[in-house]
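Subject: Structure for your bench file

Dear colleague,

Here is the structure you will be working from. My notes on it follow below.

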Amino acid sequence: MSREKTKAVLNQSVADLSKAAALVHQVHWYLRGPGFMKLHPKMDELMAGLNGYLDDLSERLITIGGSPVSTLKEFDELSKIEMTPATWGKSTEERLTEVVKAYKYLSELFQDGIDATDEEHDAVTNDIFTSAKGAIEKTVWMLESELGLAPGL
Ligand SMILES: [Fe+2]
(Lines give C-alpha, C1' and ligand atoms only; values in the text may rest on other atoms or scores of the structure.)
Protein backbone atom coordinates (compact mmCIF):
# COMPACT_ATOMS: atom_id res chain seq x y z
CA MET A 1 0.00 0.00 0.00
CA SER A 2 1.30 3.45 -0.88
CA ARG A 3 -0.03 5.13 2.30
CA GLU A 4 -0.08 8.56 0.65
CA LYS A 5 -2.26 10.19 3.34
CA THR A 6 -0.03 8.83 6.09
CA LYS A 7 3.08 10.10 4.31
CA ALA A 8 1.53 13.55 3.84
CA VAL A 9 0.68 13.89 7.56
CA LEU A 10 4.13 12.61 8.50
CA ASN A 11 5.80 15.26 6.35
CA GLN A 12 3.48 17.95 7.69
CA SER A 13 4.48 16.84 11.20
CA VAL A 14 8.18 17.04 10.33
CA ALA A 15 7.76 20.68 9.26
CA ASP A 16 5.50 21.63 12.17
CA LEU A 17 7.60 19.95 14.87
CA SER A 18 10.71 21.69 13.51
CA LYS A 19 9.02 25.06 13.63
CA ALA A 20 7.44 24.36 17.03
CA ALA A 21 10.92 23.60 18.39
CA ALA A 22 12.15 26.94 17.00
CA LEU A 23 9.23 28.73 18.68
CA VAL A 24 9.96 27.07 22.04
CA HIS A 25 13.63 27.96 21.64
CA GLN A 26 12.65 31.59 21.07
CA VAL A 27 10.58 31.54 24.28
CA HIS A 28 13.49 29.87 26.12
CA TRP A 29 15.75 32.76 25.10
CA TYR A 30 13.37 35.70 25.41
CA LEU A 31 11.62 34.93 28.72
CA ARG A 32 12.14 37.74 31.20
CA GLY A 33 10.40 38.18 34.54
CA PRO A 34 8.87 36.11 37.35
CA GLY A 35 9.04 32.37 36.74
CA PHE A 36 12.16 32.59 34.57
CA MET A 37 14.22 30.18 36.68
CA LYS A 38 11.52 27.51 36.36
CA LEU A 39 10.25 28.18 32.83
CA HIS A 40 13.63 28.63 31.11
CA PRO A 41 14.67 24.97 31.76
CA LYS A 42 11.08 23.79 31.17
CA MET A 43 11.37 25.07 27.59
CA ASP A 44 14.50 22.91 27.15
CA GLU A 45 12.44 19.93 28.28
CA LEU A 46 9.67 20.77 25.80
CA MET A 47 12.20 21.13 22.95
CA ALA A 48 13.68 17.72 23.75
CA GLY A 49 10.19 16.21 23.54
CA LEU A 50 9.43 17.89 20.20
CA ASN A 51 12.79 16.88 18.72
CA GLY A 52 12.26 13.30 19.86
CA TYR A 53 8.94 13.04 18.03
CA LEU A 54 10.43 14.87 15.04
CA ASP A 55 13.11 12.21 14.67
CA ASP A 56 10.71 9.30 15.28
CA LEU A 57 8.21 10.54 12.70
CA SER A 58 10.88 11.44 10.10
CA GLU A 59 12.48 8.03 10.37
CA ARG A 60 9.10 6.29 10.23
CA LEU A 61 8.38 8.25 7.02
CA ILE A 62 11.63 6.99 5.49
CA THR A 63 10.87 3.46 6.70
CA ILE A 64 7.59 3.39 4.75
CA GLY A 65 9.22 4.74 1.57
CA GLY A 66 8.78 8.50 1.98
CA SER A 67 11.16 11.45 1.99
CA PRO A 68 11.00 13.95 4.87
CA VAL A 69 11.42 17.65 4.24
CA SER A 70 14.74 18.71 5.75
CA THR A 71 15.63 22.32 4.95
CA LEU A 72 14.70 25.37 7.01
CA LYS A 73 12.95 26.81 3.94
CA GLU A 74 10.77 23.71 3.53
CA PHE A 75 9.93 23.65 7.26
CA ASP A 76 8.88 27.29 7.17
CA GLU A 77 6.88 27.02 3.95
CA LEU A 78 5.03 23.85 4.90
CA SER A 79 4.44 24.53 8.60
CA LYS A 80 1.17 26.14 9.71
CA ILE A 81 2.67 27.34 13.01
CA GLU A 82 3.01 31.11 13.15
CA MET A 83 6.21 32.72 14.35
CA THR A 84 7.52 36.28 14.21
CA PRO A 85 10.91 37.83 15.00
CA ALA A 86 11.24 38.21 18.75
CA THR A 87 10.85 41.43 20.69
CA TRP A 88 11.41 42.02 24.42
CA GLY A 89 7.99 43.58 24.88
CA LYS A 90 5.91 40.43 25.40
CA SER A 91 4.78 39.11 28.77
CA THR A 92 5.49 35.56 29.89
CA GLU A 93 1.74 34.91 29.61
CA GLU A 94 1.75 36.00 25.96
CA ARG A 95 4.73 33.77 25.19
CA LEU A 96 3.23 30.72 26.90
CA THR A 97 -0.06 31.37 25.08
CA GLU A 98 1.82 31.18 21.76
CA VAL A 99 3.30 27.84 22.82
CA VAL A 100 -0.14 26.53 23.88
CA LYS A 101 -1.57 27.55 20.49
CA ALA A 102 1.17 25.63 18.68
CA TYR A 103 0.67 22.57 20.89
CA LYS A 104 -3.11 22.58 20.34
CA TYR A 105 -2.46 22.70 16.60
CA LEU A 106 -0.05 19.74 16.92
CA SER A 107 -2.68 17.81 18.87
CA GLU A 108 -5.16 18.28 15.99
CA LEU A 109 -2.50 17.40 13.40
CA PHE A 110 -1.64 14.19 15.22
CA GLN A 111 -5.35 13.33 15.27
CA ASP A 112 -5.25 13.66 11.46
CA GLY A 113 -2.28 11.26 11.60
CA ILE A 114 -4.27 8.80 13.72
CA ASP A 115 -7.20 9.00 11.26
CA ALA A 116 -4.99 8.60 8.16
CA THR A 117 -3.13 5.63 9.63
CA ASP A 118 -6.42 3.99 10.66
CA GLU A 119 -7.70 4.38 7.11
CA GLU A 120 -4.47 3.10 5.56
CA HIS A 121 -3.98 0.31 8.12
CA ASP A 122 -0.62 1.44 9.46
CA ALA A 123 -0.72 0.47 13.14
CA VAL A 124 2.95 1.25 13.75
CA THR A 125 2.70 4.87 12.59
CA ASN A 126 -0.63 5.11 14.43
CA ASP A 127 1.15 4.14 17.64
CA ILE A 128 3.71 6.94 17.24
CA PHE A 129 1.01 9.54 16.53
CA THR A 130 -1.08 8.29 19.45
CA SER A 131 1.72 8.52 22.01
CA ALA A 132 2.87 11.88 20.59
CA LYS A 133 -0.68 13.23 20.89
CA GLY A 134 -0.88 12.05 24.50
CA ALA A 135 2.36 13.82 25.39
CA ILE A 136 1.31 17.01 23.58
CA GLU A 137 -2.05 17.06 25.36
CA LYS A 138 -0.42 16.55 28.75
CA THR A 139 1.82 19.54 28.02
CA VAL A 140 -1.23 21.62 27.04
CA TRP A 141 -2.75 20.78 30.42
CA MET A 142 0.44 21.81 32.24
CA LEU A 143 0.92 25.05 30.30
CA GLU A 144 -2.75 26.01 30.65
CA SER A 145 -2.52 25.27 34.40
CA GLU A 146 0.49 27.58 34.63
CA LEU A 147 -1.71 30.23 32.96
CA GLY A 148 -4.58 29.54 35.39
CA LEU A 149 -6.77 27.99 32.70
CA ALA A 150 -8.48 24.65 32.08
CA PRO A 151 -6.87 22.56 29.30
CA GLY A 152 -9.56 23.43 26.72
CA LEU A 153 -8.82 20.48 24.47
FE1 LIG B 1 19.60 27.27 26.69
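UniProt lists residues 8-149 as "domain: Ferritin/DPS", in an unreviewed entry. In this model, which is predicted, that span is 77% helix and 0% strand, and its end C-alpha atoms lie 33 Å apart.

Salt bridges

The count of salt bridges is 12. Side chains of opposite charge can pair when their charged atoms come close. Three of the pairs are described here.

Glu-144 and Lys-104 meet through their side chains, with 2.9 Å from N to O. This pair links distant parts of the chain, since Glu-144 is in helix α5 and Lys-104 in helix α4, 40 residues apart. Glu-144 counts as buried because its relative accessibility is 5%, under the 20% cut-off. Lys-104, at 24%, counts as partly exposed. Elsewhere, Arg-3, Arg-60 and Asp-122 are joined into one network by salt bridges that share partners.

Within that network, Asp-122 pairs with Arg-3, and the closest N and O atoms are 3.2 Å apart. Here too the pair links distant parts of the chain: Arg-3 sits in the segment before α1 (4-30), Asp-122 in the loop between α4 and α5, and their positions lie 119 residues apart in sequence. Asp-122 is buried, at 2% relative accessibility.

The third pair is Glu-45 with Lys-42, also a salt bridge, at 2.9 Å from N to O. Both residues belong to helix α2 and are 3 residues apart, about one turn of the helix. Lys-42 is partly exposed, with a relative accessible area of 27%.

Surface charge

Which residues form a negative surface patch? They are Glu-108, Asp-112, Asp-115 and Asp-118. Glu-108 lies in helix α4, which covers residues 92-119. The relative accessible area of Glu-108 is 55%, so Glu-108 is classed as exposed.

Two further positions

Is Val-140 buried or exposed? Val-140 is buried, because its relative accessible area is 0%. Its place is in helix α5, residues 123-146. From Val-140 to Lys-73 the C-alpha distance is 28 Å, with the two 67 residues apart in sequence.

Pro-41 is in helix α2, which runs over residues 36-63. Pro-41 counts as partly exposed, at 40% relative accessibility. Pro-41 and Glu-137 are 96 residues apart along the chain, and their C-alpha atoms are separated by 20 Å.

Regards

Key
Residues are numbered from 1 along each chain as its sequence is written. This is a predicted model: local features need pLDDT of at least 70, side-chain atom pairs count only at pLDDT 80 or more; totals for chains, interfaces and linings use all residues. Side-chain values use heavy atoms; hydrogens and water are left out. Patches are made of residues with over 30% relative accessible area and no salt bridge: like charges are joined within 9 Å, nonpolar side chains (Val, Leu, Ile, Met, Phe, Trp, Tyr) within 5 Å. Accessible areas come from the Shrake-Rupley method with a 1.4 Å probe; for residues, only the protein chains shown count as cover. A salt bridge is a side-chain nitrogen of Lys or Arg within 4 Å of a carboxyl oxygen of Asp or Glu. Lys and Arg count as positive and Asp and Glu as negative; His and the chain ends are not counted. The place of a charge is taken as NZ of Lys, CZ of Arg, CG of Asp or CD of Glu. Helices (H or I, at least four residues) and strands (E, at least two) are DSSP runs, numbered from the N terminus. Buried means under 20% relative accessible area, exposed over 50%, partly exposed in between (1.4 Å probe, protein chains only). UniProt positions are given in the numbering used here, feature names are shortened, and annotations may be inferred rather than shown by experiment.
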